[in-house]
Amino acid sequence: MGHRLRGQTVLITGGGSGIGRLMALEAAKRGARVVIWDLSEEAGAAVRDEVRGRGARAESFAVDVSDREAVARVALETGDVDVLINNAGVVTGKRLLDASDADIERTYRVNLLALYWVTRAFLGGMIARKRGTVVTISSAAGLVGVAKQTDYSASKFAVFGFTESLRQELRKERTRVRTLTVCPYYIDTGMFEGVHTRFPRLLPILDPDDTAERIIRAIERGQSQLVLPAFVRVVPIVRMLPTPVFDRMMDFFGINNTMDAFTGRREK
Ligand code: NAD
């Protein structure tokens with residue numbers, strides 16, 4: 001069973017930029033009321049105004065999703081949510097010995113622990129109203145480890161496990177609440193500025209608009225998993241090979257060189 005978005009409230013964390021912003025515009029186009037949560041008050045408000053400018057309903061709140069108390073407080077102000085898109089994320093992009101302790105902790109607090117605080121704030125209401133979709137944005141790096149991503153990739157593996165476990169709980173309890181986890185390869189939003197892909201036909205750097213639209217469509221269809229591009233779906237099969245062969249295949253596809261010239265966003 002899918003989830004029609006008309007008249008539904010869609011909350012997007014990290015909705016102030018990148019695919020978060022584009023998913024907000026896409027959901028609004030389908031008649032949803034959009035709520036943006038972002039660390040940056042200005043970025044969130046700008047997207048809210050952009051959505052309103054297109055004639056749809058929108059709110060925005062400045063909140064750090066890794067701050068448990070702030071999440072609880074702003075969740076009360078936000079009210080009921082039908083579709084929760086846990087999208088806020090950060091990347092360090094450094095070798096294990098070069099990352100600071102603070103970088104590593106921040107990756108886990110934002111990419112992983114925040115999912116607990118935010119999802120727990122809204123899930124009870126969804127179960128009670130017998131409808132809802134919880135979306136998490138994992139990554140292709142949530143399916144395969146990548147050099148210079150010891151914190152990022154591990155946090156995204158955990159996002160995958162979080163969502164799969166939650167899906168099993170919700171199925172077991174026969175709720176009508178669904179989950180969707182999304183595992184995209186690199187997307188051209190600026191978050192991973194400088195990354196390089198070796199075979200752009202098989203593993204293209206994804207277009208942000210197209211990615212956002214596919215995620216919204218997957219929610220509407222009631223899909224549980226979305227892996228982009230489709231080629232990334234071979235990863236679990238390649239994993240059945242002996243590890244040295246798996247490693248050499250990843251090298252062949254250039255995966256461990258993708259981060260060589262990574263700069264990421266400037267403000268870091
Ligand atoms: P982005 O950097 O453009 O947007 C992330 C947004 O999250 C920003 O607006 C930022 O202000 C917000 N944010 C960061 N920390 C926050 C916090 N503590 N509380 C609230 N908001 C916070 O990134 P994007 O490329 O649109 O990525 C969105 C999601 O997709 C992330 O979870 C990312 O890990 C995932 N992803 C991105 C790529 C890629 O190549 N860009 C690939 C796979 C997965």
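The paragraphs below lead through a predicted model, beginning with a central strand and its partners and ending at the ligand.

A convenient starting point is strand S5, which spans residues 132-137. This strand is mostly covered by the rest of the protein, with 6 of its 6 residues buried. Its residues fall into two groups by direction: Gly132, Val134 and Thr136 point one way, while Thr133, Val135 and Ile137 point the other way. Such a division reflects a general pattern, since side chains in a regular strand alternate between the two faces of the sheet. In S5 the residues of both groups are buried.

Strand S5 has a parallel partner in strand S4, residues 83-86, to which it is joined by 4 bridges. Within this pairing, Leu84 has Val134 of S5 as its bridge partner. Between the two strands the chain passes through helix H4, residues 101-129, and the resulting β-α-β crossover is right-handed.

Strand S4 also contains Asn86. Is Asn86 buried or exposed? Asn86 counts as buried because its relative accessibility is 4%, and the cut-off for that class is under 20%. The side chain of this residue is engaged in a polar contact with the side chain of Thr119, at 3.3 Å.

A further partner of S5 is strand S6, residues 177-184, and these two strands are also parallel, with 6 bridges between them. Val134, already met as the bridge partner of Leu84, stands opposite Thr179 in S6. Helix H5, residues 150-172, belongs with S5 and S6 to a β-α-β unit, and this unit is right-handed.

Two residues elsewhere in the chain add to the picture of the covered parts of the protein. Ile12 is part of strand S1, which covers residues 9-13. Ile12 is classed as buried because its relative accessible area is 0%. From Ile12 to Asp38 there are 26 residues in sequence, and the C-alpha atoms of the two are 8.4 Å apart in space. Ala27, for its part, is located in helix H1. Ala27 is likewise classed as buried because its relative accessible area is 0%. Ala27 and Leu166 are separated by 139 residues in sequence and by 24 Å in space, C-alpha to C-alpha.

The description now turns to the ligand. Which residues come nearest to the ligand? Of the 28 residues around the ligand, these are Asp38, Tyr152, Ile187, Thr189 and Arg265. Helix H1, residues 18-29, and helix H5 each contribute at least two residues to the shell. By character, the shell consists of 15 nonpolar, 9 polar and 4 charged residues.

Several pairs of atoms link the protein and the ligand. An N or O atom in the side chain of Arg265 lies 2.5 Å from an oxygen atom of the ligand. In the case of Tyr152, a side-chain N or O atom is 2.7 Å from an oxygen atom of the ligand. Val63 takes part through its backbone, where an N or O atom is 3.4 Å from a nitrogen atom of the ligand. On its own the ligand has 830 Å² of accessible area, and the protein covers 94% of this area.

How values were computed
Residues numbered from 1 in each chain as written. Predicted model: local features only at pLDDT ≥ 70, side-chain atom pairs only at ≥ 80, totals over all residues. Heavy atoms only, no water. Buried < 20%, exposed > 50% of the residue type's maximum accessible area, 1.4 Å probe, protein only. Pairing = 2+ DSSP bridges. Right-handed = clockwise from strand over helix to strand, strands pointing away. Near = heavy atom within 4 Å. Polar contact = N/O pair within 3.5 Å; in protein donor to acceptor, adjacent residues only side chain to side chain. Areas by Shrake-Rupley, 256 points an atom, 1.4 Å probe, with all protein chains shown as cover. Nonpolar A, V, L, I, M, F, W, Y, C, P; charged D, E, K, R; others polar.
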